[in-house]
Amino acid sequence: MPEFNLNDSLNLLSKFTLRRAWNAGKVLSSYFVSKWTGKPIQWGYPISVSFEPTTSCNLRCPECPSGLRAFTRPTGMLQQDFFRKTIDEIYKELLYLIFYFQGEPYLNPGFLEMVKYAHDKGIYTATSTNAHYMTDENARKTVESGLDRLIISIDGTTQDVYTQYRVGGNLDKVIQGAKNIVKWKKELKSKTPFVFFQFLVVKPNEHQIEDIKLLAKEIGVDEVRFKTAQVYDYEEGNRLIPTIDKYSRYHRNEDGTYAIKNKMGNHCWRLWHAPVITWDGLVVPCCFDKDAQHKLGDLKKESLKELWHNDKYIQFRTQIQKGRANIDICANCSEGTKVWG
């Protein structure tokens with residue numbers, strides 16, 4: 001799960017019920033028992049789920065399959081009836097719902113209605129947006145939906161720098177969108193959503209790290225968080241790899257090649273608590289399986305509770321424990337190795 005500040009944490013804690021706490025305890029226990037025994041033991045049901053509103057996106061970011069239009073899987077929109085059916089099955093155990101995988105959520109016309117539905121079930125809800133559709137009307141509806149967390153991706157403080165990664169984007173729209181959401185939180189006297197700027201640090205924008213902090217303060221968003229960039233072709237270097245070491249997932253070897261910094265352990269917390277569901281109902285291991293190459297189930301054919309313990313999940317968790325480095329989607333992963341990471 002993502003990091004939380006105090007107010008955000010208290011909001012999340014307010015979503016706990018006895019049943020959700022019991023389920024979370026079972027999942028956490030099974031994860032540690034699995035690490036100790038080397039066997040894929042799984043108790044309980046997902047604590048968190050990522051639901052994909054759509055694969056469509058208005059931007060063309062260079063390291064994103066949506067932006068590159070590079071999917072082999074079909075493009076489409078999450079349908080409300082399917083979403084509600086799935087939520088109805090799992091909401092009593094489910095604590096945290098991420099309305100994001102690939103694509104821009106606000107392109108789905110039913111997106112905020114689905115947020116409201118999950119909110120009314122007492123689930124903590126979060127999404128990530130490029131904020132190009134955060135009109136005054138959408139900002140108000142977002143606050144009214146009960147959304148708990150809004151991540152605004154903003155990777156530059158000037159148009160020329162911003163569009164070096166957010167290709168096709170308009171920084172003025174992003175800034176106005178952020179102002180709209182802050183305005184409606186005040187107008188409606190709402191503590192939610194918790195709004196933060198997410199700044200993906202790459203070489204073209206690393207000189208604007210302090211500038212984005214000032215911009216966030218000026219607009220009134222709650223926080224700025226910096227994210228390291230995943231790049232696909234990193235071994236021989238890449239124009240996006242930052243020179244500031246703390247913001248890079250990669251280190252430079254003596255021979256000039258690059259390698260991932262983090263050591264890869266044969267375990268992954270995400271596989272024990274947080275599946276990803278595509279817009280058309282496929283269940284995949286995590287957000288690194290962007291093209292849904294590792295299908296662990298299909299919610300059009302079986303329920304999430306059924307497939308959570310099926311043979312494919314058991315086999316994938318077994319693979320993780322035997323040799324995570326041998327799984328393609330894990331090869332460029334800097335996450336998932338620690339609980340709550």
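Q: What makes a residue of this chain count as buried, and what share of the 341 residues does so?
A: Buried means under 20% relative accessible area, exposed means over 50%, and partly exposed lies in between, with a 1.4 Å probe and protein chains only. By that cut-off, buried residues make up 55% of the 341 residues. A word on the source: this is a predicted model, in which local features need pLDDT of at least 70 and side-chain atom pairs count only at pLDDT 80 or more, while totals for chains, interfaces and linings use all residues. Residues are numbered from 1 along each chain as its sequence is written, and side-chain values use heavy atoms, with hydrogens and water left out.

Q: How do you know whether the radius of gyration agrees with a compact globule?
A: The radius is taken over C-alpha atoms, and the globule rule is 2.2 Å times the number of residues to the power 0.38. For 341 residues a compact globule would have a radius near 20 Å, and the chain has 20 Å, so the two agree. Along the principal axes, the C-alpha atoms fill a box of roughly 55 × 50 × 40 Å.

Q: Why are β1 and β2 called paired strands?
A: Strands are DSSP runs of E with at least two residues, helices are runs of H or I with at least four, and both are numbered from the N terminus. Two strands pair if DSSP finds at least two bridges between them. Strand β1 (residues 48-51) has three bridges to β2 (residues 96-99), so the pair qualifies, and the two run parallel. One of the contacts is Ser 48 with its bridge partner Tyr 96.

Q: What makes the crossover from β2 to β3 right-handed?
A: β2 and β3 (residues 124-129) pair in the parallel sense over four bridges, and Ile 98 has Ala 126 as its bridge partner in β3. The chain goes from β2 through helix α5 (residues 111-120) to β3, a right-handed β-α-β crossover. That name applies if, with the strands pointing away from the viewer, the path from the first strand over the helix to the second runs clockwise.

Q: Which strands stand at the edges of the nine-strand sheet, and why?
A: The open sheet has the order β6-β5-β4-β3-β2-β1-β9-β10-β11, with mixed pairing. β6 (223-228) and β11 each have a single partner strand, so one side of each is left without a neighbour in the sheet. An antiparallel pair in this sheet is β9 (residues 276-277) with β10, over two bridges.

Q: Why is Lys 189 called exposed or buried, and what about Ala 292?
A: Lys 189 has 75% relative accessibility, so it counts as exposed. Ala 292 has a relative accessible area of 1%, so it is buried. Phi is near 50° for Lys 189 and near 55° for Ala 292. Most residues other than glycine have a negative phi, and most peptide bonds are trans. Lys 189 is in the loop between α8 and β5, where Pro 193 is also placed, and the peptide bond from Thr 192 to Pro 193 is cis, with omega near 0°.

Q: What makes the enclosed space a cavity, and how many are there of 30 Å³ or more?
A: On a 1 Å grid over the protein atoms alone, a cavity is a set of points where a 1.4 Å probe fits but cannot get out. Grid points are joined across faces, edges and corners, and a volume is the space filled by probe spheres set on the points. The count is one cavity of 30 Å³ or more, and the largest holds about 70 Å³. Lining residues have an atom within 4 Å of a point, among them Cys 268, Phe 288 and Arg 324.

Methods: 1 Å grid on protein atoms, 1.4 Å probe; cavity = no way out; pocket = protein on both sides within 12 Å on 5 of 7 lines; lining within 4 Å.
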